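The following paragraphs lead from the overall form of a protein chain to one of its helices, and from there to individual residues. The reader may wish to keep the structure in view throughout.

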Amino acid sequence: MWNSKISERDEPHIRTYAEILKQKQDDEGYQTTSSIRQDRVENDILKLYKLSNEPVLTRQKHIQFLKKSLFHLTEAYQCLDSSRPWLCYWSLHSLQILGERLEYDEYSKIIGFLAKCQSPEGGFGGGPGQHPHLASTYAAINALCTIGTPQAYQVIDRKGLKQFLASLHGEDGSFSLHKDGETDIRGIYCALSVAKLTNVYTPEIFKGSESWIAKCQTWEGGFGGSPGMEAHGGYGFCGLAALMLLGKPHFCCLKSFLRWIVNKQMRLEGGFQGRTEKLVDGCYSFWQGGAFPLIHTILSMENKVFNSAYWLFNQEALQEYLLICCQHPHGSLVDKPGKSQDVYHTCYALSGLSIAQNSPLPLIIGSPNLNLVKIIHPLYNLENSCAINALKYFNTLPIPD
């Protein structure tokens, strides 16, 4: 756990190479498969930190990569044919964080494609003609809300969406991800996020969900995908965010969760791991980092003495990892040094960068003119204005019967 007095920071502190080197793992003379892999990653990262000058976000390279990815993907993406709304969301959201908007006709093409992914049963499938799925529904609606035009909003069949969500609700409060599909905590989060965004939420649809989520919290303090599973960063975010959307954060044992999540930030790398004994990964910059604004909100509501102006993790160290170790030379952000380009890690690394920079008092390493990105709404992982505009638009509409 980081020992710096977070609430007392005045200026961003970029760690020296000597400070970083002191955090190298000690395998106590007993090598394991995990320790060998950790040592390899640390050595790769130390090389980058040793060579590093002032960290700079290579914004234009990322923008070029993302724009190309929206309309021209390589054969390597064939395996994601059932995740095409996700590809739209990851790219559009990343561009929004970087402050880049597309032309009207480009947005129109994307809206038209997403409309074809919507099922007559309500919800969105992973591609045209595919069965509706909660995950692709979340991605499609987030993509449409990122575009944020009346044309985009009006694509969503809200009555069908409400019926689709209700059909996946289990008697125990859980949600299947699709008809007769698996049940895990992602389903509840995706269902709640789209229901709240589009104003189709009713307490009946989510009856008992808070109790089911509480059963997913593990002895470690994080949340597993379902009761009895191992704590995991993505599930941890989904569990806490879902309880916040339900207005019932007290169903989380926050002390236990906080102890678990602060220890997921890697001391040498500065980024987050997703599970105990796993390697650092750029995507957990959001899946773990995105939980801290929610924790901050809960603590502020529960304890009037709590008035920290910063999140409860080392924000500078996460920015160092993302800007020094995770930027691909040809654009995109990656899992860790040496990994290939992809839009998934670009999306969640940029979302994590936004979280790390935009605490109540902004904390930005390097030049703010070069490195500052847009603020995101942590509950929905949408750029803040996109979330606010969508909520404003849909909340003027009545909840469908």
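Accessible areas are obtained here by the Shrake-Rupley method with a 1.4 Å probe. On that basis, the accessible surface of the protein chain comes to about 17600 Å², and carbon and sulfur atoms contribute 52% of this surface. The model is predicted, and the values that follow are computed from it.

Consider the chain as a whole. Its secondary structure consists of 18 helices and two strands. Along the principal axes, the C-alpha atoms fill a box of roughly 60 × 45 × 40 Å. For 401 residues, a compact globule would have a radius of gyration near 21 Å, and the protein chain agrees, because its own value is 21 Å. Buried residues account for 59% of the 401 residues. Among contacts with a separation of 6 or more, 70% join residues 24 or more positions apart.

The interior can be approached through its nonpolar residues. In soluble globular proteins, nonpolar side chains tend to be buried together. In this model the largest nonpolar core has 126 residues, and within this core Y89 and L165 touch the most other members. Leaving aside neighbours within four places in sequence, the contacts of L165 are L134, F175, A191, V194, A195, V200 and I205.

Three of the residues just named, A191, V194 and A195, are listed among the buried residues of helix α9, which spans residues 185–198. This helix has 14 residues, and the distance from its first C-alpha to its last is 20 Å, close to the 20 Å expected at 1.5 Å a residue. How many of the 14 residues of α9 are buried? The count is 12, so the helix is largely enclosed by the rest of the structure. The buried set includes I185, G187, I188, Y189 and C190. The buried residues of α9 pack against the helices α6 (134–147), α8, α10, α11 (233–246) and α18 (384–394), and also against the strand β2 (382–383).

The surroundings of α9 contain two residues with unusual backbone angles. Most residues other than glycine have a negative phi. D180, in the loop between α8 (158–167) and α9, has instead a positive phi near 60°. After α9 comes N199, whose phi is likewise positive, near 60°. N199 lies in the loop between α9 and α10 (209–215). Are these two residues buried or exposed? D180 is exposed, because its relative accessible area is 74% and the threshold for that class is over 50%. N199 is buried, because its relative accessible area is 14%, where buried means under 20%.

Charged side chains add a further set of contacts. Side chains of opposite charge can pair when their charged atoms come close. The whole structure contains 10 salt bridges. Two of them involve R186. One joins R186 to E182, with an N to O distance of 3.7 Å; the other joins R186 to D184, at 2.7 Å. R186 is partly exposed, with a relative accessible area of 33%, and E182 is also partly exposed, at 39%. D184, by contrast, counts as buried because its relative accessibility is 7%.

Another salt bridge pairs D39 with K24, whose closest N and O atoms are 2.6 Å apart. This pair links distant parts of the chain, 15 residues apart: D39 belongs to helix α2 (residues 33–51), whereas K24 is in the loop between α1 (17–21) and α2. Both partners are partly exposed, D39 with a relative accessible area of 30% and K24 with 26%.

A last residue returns the reader to α10, the helix in which E210 is found. Which residues does E210 touch, not counting those up to four places away in sequence? They are L243, L246, K248 and F251. E210 counts as buried because its relative accessibility is 11%.

Notes. Residues are numbered from 1 along each chain as its sequence is written. This is a predicted model: local features need pLDDT of at least 70, side-chain atom pairs count only at pLDDT 80 or more; totals for chains, interfaces and linings use all residues. Side-chain values use heavy atoms; hydrogens and water are left out. Helices (H or I, at least four residues) and strands (E, at least two) are DSSP runs, numbered from the N terminus. Buried means under 20% relative accessible area, exposed over 50%, partly exposed in between (1.4 Å probe, protein chains only). A nonpolar core is a set of buried Ala, Val, Leu, Ile, Met, Phe, Trp, Tyr and Cys residues joined through side-chain atoms within 4.5 Å. Contact means heavy atoms within 4.5 Å. A salt bridge is a side-chain nitrogen of Lys or Arg within 4 Å of a carboxyl oxygen of Asp or Glu. The radius of gyration is taken over C-alpha atoms; the globule rule is 2.2 Å times the number of residues to the power 0.38. The expected span of a helix is 1.5 Å times one less than its number of residues.
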